[in-house]
Amino acid sequence: MSAPPKGTGTETPRAKTDVATLLLRYGMVLVLLALIVAAVLLYNGFLAPANIRDILAQNAPVGIIAVAMTFVLIGAGFDLSVGATFALAGTVFAGVTLNYGLAAGAVAALVAGLLAGLVNGFLVAGLNVNPFVATLGSASVISGLAFIYSKSSPFIVEDIRFQYLGTATLAGVPVPILILIGTFIVGSFVLARTTYGRNLFAVGGNREAARLSGIPVRGLTASTYVLTGLCAALAGMISASRLGVGQADVGASVALDAIAVVVIGGTSLLGGEGAVWRSAVGLLILATLTNVFFALNVNQNWQLIAKGLIVVGAVALDAHLRKREST
Amino acid sequence: MSLAPIAVRCEGVDKSFGATHAVKHVSLDVREGSIHALVGENGAGKSTVLGVISGRVAPDTGSVSVFGEQIRGGHPTDLRNAGIATIYQELTMVPALTAEENVFLGHLPARRGLLDVRARRRRFLEICEDFGLSIQPEVPARELSVSQQQMVEIMRGVAAQARVLLLDEPSAALAERERETLHELLFTLQRRGSTIVFVSHNLDEVMGLADRITVMRDGALVADADTNDWTKKSLINRMVGHDVDFDERQSTRTNDLVAKITDVTVRPNAHPISMDIRRGEIVGLWGLVGSGRTSFLKSLAGLMPSSAGSLEIDGQRAAWPGNPRDSQALGIALLPEDRRRGLVMQMDSVDNHWIGRHGPYSPSRINRGHEEGVVKEAAPRFGFAPSRVRTPVGQLSGGNQQKALLSKWAARKPKLFLVDEPTRGIDVGAKAEVLNSLGRLAADGAGVVVTSSELEEVLGVCDRVLVFSRGSVVGEVPRGGAEFSVESILQLGFRAGEEDAL
């Protein structure tokens, strides 16, 4: 018989203490901690429960979408249509509630999100349309539908029950925050601990290997767009409920915010790498920054500039560290 | 020969990548006009040495000089001035440009700032004639075969008047006949006074081509001698540090049919292919590149939906698989030709092992501990160190990647195991382990179908060889028969090709 097995590899595992590797992995956590320290020093009351609650509640819709967006990006996809779905779902939620009651409104809004996701999934996985183009196009269609349905005017819902989803509290915690936290917990469990999640990493990391391994690549890819559709719908409902209004002209910045959150956290735009907790870090970075700017009375326009710089900076840093790591 | 002046001199070259000490104090002289081979296992540092000579990698300490001139790392123009051209394993063609434009990439002949198209064509044809090549100047590079692209790269070096040509694994992707063309080309270059340094895993090629052979192990130079002083066995011994045993094939062939494959048409105009695979046997498929053996395996694995044929697995009729899942459901597994296509590089071996499957204890939940245990237990059977199972496969050597992939597919207990080029580009120690494990899989009852462009390897492991040419099977050679030799199988493959061509 053959010689006993030997560890014939001569390559050494990369030193785990390498600074670049650690930065690559946890750099954004450090940025978040630094931001929090700065916020505490800059103004009193950052850590006050009321402020924390405001921060989280305001950012709940984007955060919920970001969880699903993490799945899409890990599967090497991209979804620009979540803003439009967000607006459509809010409009449908309010409009259908006015005519047929709250339950019908909620179901109709979720079905709208589901359909949007199925269409995106079909375009990307079934017809092999580039996800950027597919969702850019579907965003336009979805947005148009929202305007047609609402005849370009807001649906104002007086029914107080309509506002529960966005404003009610359970044991002192606003419902949107509970949904946000729940989405993050379920999302990170599914991604990190289930075969669905692992297969998704495989699809994003190497489509060919995934296919050869017997993974239904198309179905899995499509499913991530269904997730963003549903999460965008849920987020749109929460937002409409908070305001008591469903309107088609909201959500312009939602898609980019959600993608920014995921990317700042360190999930790769190339697919195959990332984590839901990273998106939580990304969300908190953006939310903290907005809160500090608001408290310091900085002009909104500066916030836009800062946000843009952070997104590009985070991706550039990631690219730089990756390059260093691979040489 | 030893009187020729020194073309390339490395002195005390050291290079580390992070914690890896890739090259340890290597000093090496290459004589002008010689063909010099660097051999060693994966990770031995030979490619890094080649990189240092080519100036692509800057050494930490030590120096490289070419015809007495120092080379600064990372200055491509330095190299061109020194007359060095490098042909990498991954070819550097611009796919949309023509063959001719690729040859003159970066040094287009110009007159008063304008491209001199006529001079360029003249030079291109001159080089072609000089080396007996026939490459159409106007063909876009993307339409050239791998072998032709490589010729174009070498022509680029010639056009740039390179005096030293560096080649990294030049023949790894070539078929037998293309290799011969390459070898002739290199000999012609040598006769014209060029100096050639190359890295190769193919020891027959090394022994046949090189004047001098340098062996590296673990980053250090362990031996450097004229080819006449080496034997294949002594080379392997110095490369690995001990003798390597390939198992003698003890046939485990039975009479039970695993698969009856009838009238498969992969390509529209080829003769349909039929073959029977028995439990416990290893069938070798051999043919030139483009002979259809890879397409045939892919078709069985469900990767060519337009192919058709009839199939019986274990006596049960089955529909011809139209996708990989159907194929796997029938108990067919394919180890793909290019391992990079079969592995998710960011993932470790454990995750790669389990993708597309249910976990051992729950259909949907991952249990890291159990999963790792299963993979660790199987690893030694394939010569894979259990301590490496959590290393991302992208950081493993080619040999270890192949072992991880083999272990993954073997664990699915395929009835019919299709193994395409399992030893391509991996070192000799890993080769033995990979080939030996195929024997054990057959002994466990699988029908194994294996291809390799290295015919000697095919002959070493299998019970019979089917020769492919132009999309069909043109001959069957059983082990022990008179024709079971490299020469007669080559003849069979070439002869059939020529008859068809008439």
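The paragraphs below lead through a predicted model with chains A and B, beginning with the confidence of the prediction and ending with single strands and residues.

As a whole, the model scores ipTM 0.84 and pTM 0.79. Chain A has a mean pLDDT of 90, with 93% of its residues reaching 70 or more, and for chain B the mean pLDDT is 85, with 94% of its residues at 70 or more. One stretch of chain A calls for caution, since pLDDT stays under 50 over residues 1-16, even though the model has 39 contacts for this stretch beyond four places in sequence. Where pLDDT is low, the predicted coordinates should not be read in detail.

Chain A is built with 13 helices and four strands. Its radius of gyration is 21 Å, close to the 20 Å that the globule rule gives for 327 residues, so chain A is as compact as a globular protein of that length. Taken along the principal axes, the box filled by the C-alpha atoms of chain A is roughly 80 × 50 × 35 Å. Of the 327 residues in this chain, 49% count as buried, and among its contacts with a separation of 6 or more, 79% are between residues 24 or more positions apart.

A single residue of chain A can illustrate such a separation in sequence. A:Val31 has its place in helix H1 of chain A, which covers residues 19-42, and A:Gly282 is 251 residues away from A:Val31 in sequence, yet the C-alpha atoms of the two are 9.7 Å apart in space. Is A:Val31 buried or partly exposed? With 19 C-beta neighbours inside 10 Å, A:Val31 counts as partly exposed, because a residue is buried if 20 or more other C-beta atoms lie within that distance.

Chain B has a secondary structure of 17 helices and 22 strands. The radius of gyration of chain B is 24 Å, close to the 23 Å that the globule rule gives for 502 residues, so this chain, too, is as compact as a globular protein of its length. Its C-alpha trace spans about 70 × 55 × 45 Å along the principal axes. In chain B, 48% of the 502 residues count as buried, and 68% of the contacts between residues at least 6 apart in sequence join residues at least 24 apart.

Within chain B, an open sheet of six strands follows the order E6-E9-E10-E3-E11-E12, with mixed pairing. Strand E6 (84-87) and strand E12 (220-226) stand at the edges of this sheet, each with a single partner strand, so one side of each is left without a neighbour in the sheet. On average, neighbouring strands of the sheet are turned by 15° against each other when direction is ignored. At the E12(B) edge, strand E11 of chain B (residues 212-217) pairs with E12(B) in the antiparallel sense over six bridges, and B:Met216 has B:Leu221 in E12(B) as its bridge partner. Helix H6 of chain B (residues 176-191) packs on the sheet, touching strands E3 (35-39), E9 (164-168) and E10 (195-199), and its direction makes about 145° with that of E10(B). Helix H8 of chain B (residues 232-240) also packs on the sheet, where it touches E3, E11 and E12 of chain B, and the direction of this helix makes about 30° with that of E11(B).

Further along chain B, strand E21 (residues 464-469) is mostly covered, as five of its six residues are buried. E21(B) runs parallel to strand E15 of chain B (residues 282-287), to which five bridges join it, and one bridge partner in E21(B) is B:Phe468, opposite B:Gly287. With strand E22 of chain B (residues 472-478), E21(B) pairs in the antiparallel sense over six bridges, and here B:Val467 has B:Gly475 in E22(B) as its bridge partner. E21(B) and E22(B) form a hairpin with two residues between them, and in the turn B:Arg470 has a positive phi of about 50°.

What remains is the interior. The largest nonpolar core has 227 residues, and those with the most contacts inside it are A:Ile65, A:Ala258 and B:Leu418. Leaving aside residues up to four places away in sequence, B:Leu418 touches B:Leu297, B:Leu300, B:Ala301, B:Ile332, B:Ala333, B:Leu334, B:Leu335 and B:Val449.

Methods
Residues are numbered from 1 along each chain as its sequence is written. Chains are lettered from A and ligands numbered from 1 in the order in which they are written. This is a predicted model: local features need pLDDT of at least 70, side-chain atom pairs count only at pLDDT 80 or more; totals for chains, interfaces and linings use all residues. The radius of gyration is taken over C-alpha atoms; the globule rule is 2.2 Å times the number of residues to the power 0.38. A residue is buried if 20 or more other C-beta atoms lie within 10 Å of its own, exposed if 12 or fewer, and partly exposed in between; C-beta atoms are placed from the backbone. Two residues are in contact if their C-beta atoms, placed from the backbone, lie within 7 Å. A nonpolar core is a set of buried Ala, Val, Leu, Ile, Met, Phe, Trp, Tyr and Cys residues joined through C-beta atoms within 7 Å. Two strands pair if DSSP finds at least two bridges between them. Axes are lines fitted to C-alpha atoms, for helices over the stretch in contact, and angles run from 0 to 180 degrees between N-to-C directions. pLDDT is the predictor's confidence in each residue, from 0 to 100.
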